[in-house]
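Please examine the sequence and the structure shown here. The paragraphs that follow lead the reader through selected features, step by step.

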Amino acid sequence: QVQLVESGGGLVQAGGSLSLSCTASGLTFSSYGMAWFRQAPGNEREFVGAITWTGDRTYYADSVKGRFTISRDNAKNTVYLQMNSLKPEDTADYYCAAGGIGPLDLDYDYWGQGTQVIVSS
């Protein structure tokens with residue numbers, strides 16, 4: 001059974017930083033591209049960024065480029081999302097996903113349950 005478990009969410013002031021982790025089990029982690037999505041209340045889920053299975057390439061939404069960094073440790077079956085210079089509009093539930101590489105939900109086969117990030121102004 002595949003499981004993706006996110007952690008690291010919480011409350012942070014605007015301009016601050018937060019680091020999310022997603023640990024996978026039940027799959028060959030190093031064979032999967034990994035991504036982060038987010039969904040704010042009342043909004044559709046949106047792509048944040050993705051990383052290839054080797055970690056050699058990363059892709060980001062324009063809204064987070066230069067502020068967020070995705071990395072992975074295949075030895076630990078974990079993908080990370082380092083979020084800096086956070087803005088109130090970054091407030092959302094953040095989800096990790098495993099699958100191919102792309103900005104769409106259907107590019108991914110497995111999803112975590114999400115972790116909440118709240119950025120106060």
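Cys22 has a relative accessible area of 0% in this predicted model. Buried is the term for residues under 20%, so Cys22 counts as buried. The same reasoning applies to Cys96: its relative accessible area is also 0%, so Cys96 is buried.

These two cysteines form a disulfide, with their sulfur atoms 1.9 Å apart. The bond joins distant parts of the chain, since Cys22 belongs to strand β3 (residues 18-25) and Cys96 to strand β9 (residues 92-99), 74 residues apart. What is the handedness of this disulfide? The torsion about the S-S bond is about 45 degrees, and the disulfide is therefore right-handed. The count of disulfides in the model comes to 1.

Attention now turns to strand β5. This strand covers residues 46-51, and 5 of its 6 residues are buried, which leaves the strand mostly covered. On one side of the pairing pattern is strand β4 (residues 33-39), which runs antiparallel to β5 and is joined to it by 5 bridges. The two strands form a hairpin with 6 residues between them. In the turn of this hairpin, Gly42 has a positive phi of about 80 degrees.

Strand β5 also pairs with strand β6 (residues 58-60), in the antiparallel sense and over 3 bridges. Here Ala50 has Tyr59 of β6 as its bridge partner. A hairpin is formed by β5 and β6 as well, with 6 residues between the strands, and Gly55 in its turn has a positive phi of about 80 degrees.

The pairing of β4 with β5 leads to the aromatic residues. Phe37 has Phe47, in β5, as its bridge partner. A search of the whole structure finds 5 aromatic pairs. One of them is formed by Phe37 and Phe47, whose rings lie 5.6 Å apart, centre to centre, with 75 degrees between the planes. Why is this pair called edge-to-face? Planes over 60 degrees apart count as edge-to-face, and the angle here is 75 degrees. The two residues are 10 residues apart, with Phe37 in strand β4 and Phe47 in strand β5. Both Phe37 and Phe47 are buried.

Phe37 and Phe47 also belong to one aromatic cluster together with Tyr108 and Trp111. Trp111 in turn leads to Arg45, whose charged end sits over the ring of Trp111, 3.8 Å from its centre. Arg45 also lies over the face of Tyr95, at 5.5 Å from the ring centre.

Technical notes:
Residues are numbered from 1 along each chain as its sequence is written. This is a predicted model: local features need pLDDT of at least 70, side-chain atom pairs count only at pLDDT 80 or more; totals for chains, interfaces and linings use all residues. Side-chain values use heavy atoms; hydrogens and water are left out. Buried means under 20% relative accessible area, exposed over 50%, partly exposed in between (1.4 Å probe, protein chains only). Helices (H or I, at least four residues) and strands (E, at least two) are DSSP runs, numbered from the N terminus. Two strands pair if DSSP finds at least two bridges between them. A disulfide is a pair of cysteine sulfur atoms within 2.5 Å. Rings of Phe, Tyr and Trp (its six-membered ring) pair if their centres lie within 6.5 Å; planes under 30 degrees apart count as stacked, over 60 as edge-to-face and the rest as tilted. A charge sits over a ring if NZ of Lys or CZ of Arg is within 6 Å of the ring centre and within 35 degrees of the ring normal.
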